[in-house]
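Work through the following exercises with the model open beside you. Try each task before reading its solution.

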Amino acid sequence: MGKIEQAWSRGFSRREALAGLASFLAASPLLHAQRDPWPLGPHRRFLGFDEMRDVFDFEPIFRANVPLSIYDYTAHGTESEFTLRRNRDAFDWVQLVGGGGVDPADVDTSTELFGHQMPSPIMLAPTSRQRDLHPDGELGMHRAATTTSTTMIVSNSSSFQFPEIAEAADGPLWYQRYATRQMDPNREALDAGLEAGAQAFVVTIDQQASYYERDLHVRHLGGRPRQVQRRTPRNPPNPYRVGASRLWYEWTLFDDLRPMIEVPMLAKGILTGDGAKKCLEHGVDGIIVSNHGGRALDYGPSTLEVLAEVVEAVGGRVPVLIDSGFRRGADVLKALALGADAVCLGRASRWGLGAFGEPGAQKVLEIVNAELKQAMASVGAASLAAIDRHIVKTNFP
Ligand SMILES: Cc1cc2nc3c(=O)[nH]c(=O)nc-3n(C[C@H](O)[C@H](O)[C@H](O)COP(=O)(O)O)c2cc1C
């Protein structure tokens, strides 16, 4: 073999040269930067609408649909997110026991709250800014709720005004408010809500401070510039990392609001029996046991752990609702067994709306309701009246 032939035989073939270039590009930090930093968990491809089996199936689709900051705003909890995790862990500490013998088709989940008939004890928790999740926002959520005969609680910080949401469908609505210290704005908001047909008012008292450490690097939250302690006359600076508008709540707030509210008034954010008793002393008509889905005070208990204490303190005088961490029908059943009258879904409904708009929100509600019927049939409870402490064994740490 001559010199030139030898050089050719030792040199790169065209195929080797292309393979070399491809490996270089694959390892290049430039291409790496294009990769999705949040791969779709266990899924190798997007599941389609008809493949949604449980509520968790909706979350990765929602995450893929929206900018990361919008996903994060829904997902995150306060500080170390201990309470966020504990809300879910708590369901592992409650076993369902009992005996079958009931066909799910014969299960009746209907109930009554404040004189209104409801086909199911599952409701929608108030959650803010739903147009960030899908252009239909609260209008789509209300239509989905109406189709499934679900009562929806509209957030104080909704993307659409309450009357507009009420116009979108004719299902039952409640109205949630973060009360202001000056009573006039409360009066105006409550009047507008009543005029538009709100069946009840929910006064949220728990979100005193919210601090999502995981979002510190994010300069836009929910698609808008991050608000860090804006110094305005209405929102003066304070050392507590949250606007002053929510720092003043006292029990007497309910005394001030009560005369303005002609419909039932509920307190949202109660986690102790003593807190529930205070509410009753101050004219509250219903309690929502909630830690804001792990977005209020971190290192507090899960709501499921404290539910029985609150129910006992209330002693049947007013309805007790619960939220925070509920994703499955079996979760709902556990809360009903521990004494809740109804259960509200927060993130679960946002995942549905964010994944597929109105049909997604509807499907989430259908799935959890079907799961509840299935779980009730499995423990042998044909109606809500047949659910009691005997169908659960608790093992809270
Ligand atoms: C993104 C987001 C926004 C929320 N906005 C409000 C709100 O405006 N008013 C309110 O009372 N609660 C709000 N909450 C709390 C919910 O009403 C509810 O307590 C919580 O979502 C229940 O926990 P879950 O998301 O695990 O179901 C919000 C929760 C989330 C996740």
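The exercises below go from the whole chain to single residues.

This is a predicted model, in which local features need pLDDT of at least 70 and side-chain atom pairs count only at pLDDT 80 or more, while totals for chains, interfaces and linings use all residues. Residues are numbered from 1 along each chain as its sequence is written.

**Exercise 1. The whole chain**

Count the helices and strands, then describe burial and contacts in the protein chain.

Step 1. The protein chain holds 15 helices and 14 strands. Helices (H or I, at least four residues) and strands (E, at least two) are DSSP runs, numbered from the N terminus.

Step 2. Of the 397 residues, 44% are buried. Buried means that 20 or more other C-beta atoms lie within 10 Å of the residue's own; exposed means 12 or fewer, and partly exposed lies in between, with C-beta atoms placed from the backbone.

Step 3. Take contacts between residues at least 6 apart in sequence: 71% join residues at least 24 apart. Two residues are in contact if their C-beta atoms, placed from the backbone, lie within 7 Å.

**Exercise 2. The ligand shell**

Find which residues come nearest to the ligand, and which helices supply at least two residues of its shell.

Step 1. There are 25 residues around the ligand, and Ser155, Thr204, Gly293, Gly346 and Arg347 come nearest. A residue is near a molecule or strand if its C-beta atom, placed from the backbone, lies within 6 Å of it.

Step 2. Sort the shell by class: 6 nonpolar, 15 polar and 4 charged. Ala, Val, Leu, Ile, Met, Phe, Trp, Tyr, Cys and Pro count as nonpolar, Asp, Glu, Lys and Arg as charged, and the others, Gly among them, as polar.

Step 3. Helices α5 (68–75) and α14 (347–356) each give at least two residues to this shell.

Step 4. Look closer at α5. It is largely enclosed by the rest of the structure, because 6 of its 8 residues are buried. These are Ile70, Tyr71, Asp72, Tyr73, Thr74 and Ala75.

**Exercise 3. Helix α7 and its cover**

Determine how many residues of α7 are buried, and what covers them.

Step 1. In α7, 9 of the 11 residues are buried, so the helix is mostly covered.

Step 2. The buried residues are Gly137, Glu138, Leu139, Gly140, Met141, His142, Arg143, Ala144 and Ala145.

Step 3. Their cover includes β4 (122–124), β5 (152–154), α8 (162–168), β6 (173–177), α14 and α15.

Step 4. Just after α7, Ser149 has a positive phi of about 55 degrees.

**Exercise 4. Two crossings of α15**

Describe how α15 crosses α7 and α13.

Step 1. The axes of α7 (residues 137–147) and α15 (residues 358–378) come within 8 Å and cross at roughly 40 degrees. Axes are lines fitted to C-alpha atoms, for helices over the stretch in contact, and angles run from 0 to 180 degrees between N-to-C directions.

Step 2. The two helices are therefore oblique to each other. Angles under 35 degrees count as roughly parallel, over 145 as roughly antiparallel, 65 to 115 as roughly perpendicular and the rest as oblique.

Step 3. The α7–α15 crossing is right-handed. That is, the near helix is turned clockwise from the far one by less than a right angle; anticlockwise would be left-handed.

Step 4. Gly140, Met141, Arg143, Ala144 and Thr147 of α7 meet Glu358, Ala361, Gln362 and Leu365 of α15. This contact has 4 nonpolar, 3 polar and 2 charged residues.

Step 5. Now α13 (residues 329–337). Its axis and that of α15 come within 7 Å and cross at roughly 60 degrees. This pair is therefore oblique, and its crossing is right-handed.

Step 6. Gly329, Ala330, Val332 and Leu333 of α13 make the contact with Val368, Ala370, Glu371, Leu372, Gln374, Ala375 and Met376 of α15. By class there are 8 nonpolar, 2 polar and 1 charged.

**Exercise 5. Single residues**

Is Glu81 buried or partly exposed? Is Ser324 buried or exposed? Which residues does Val364 touch?

Step 1. Glu81 sits in the loop between α5 and α6 (82–92). Its phi is positive, near 60 degrees, in a residue other than glycine. Glu81 is partly exposed, with 18 other C-beta atoms within 10 Å.

Step 2. Ser324 is in the loop between β12 (320–322) and α13. Though not a glycine, Ser324 has a positive phi of about 100 degrees. Ser324 counts as buried, with 30 C-beta neighbours inside 10 Å.

Step 3. Val364 lies in α15 and is buried, with 28 other C-beta atoms within 10 Å. Not counting residues up to four places away in sequence, Val364 touches Val55, Phe58, Ala348, Ser349, Trp351 and Gly352.
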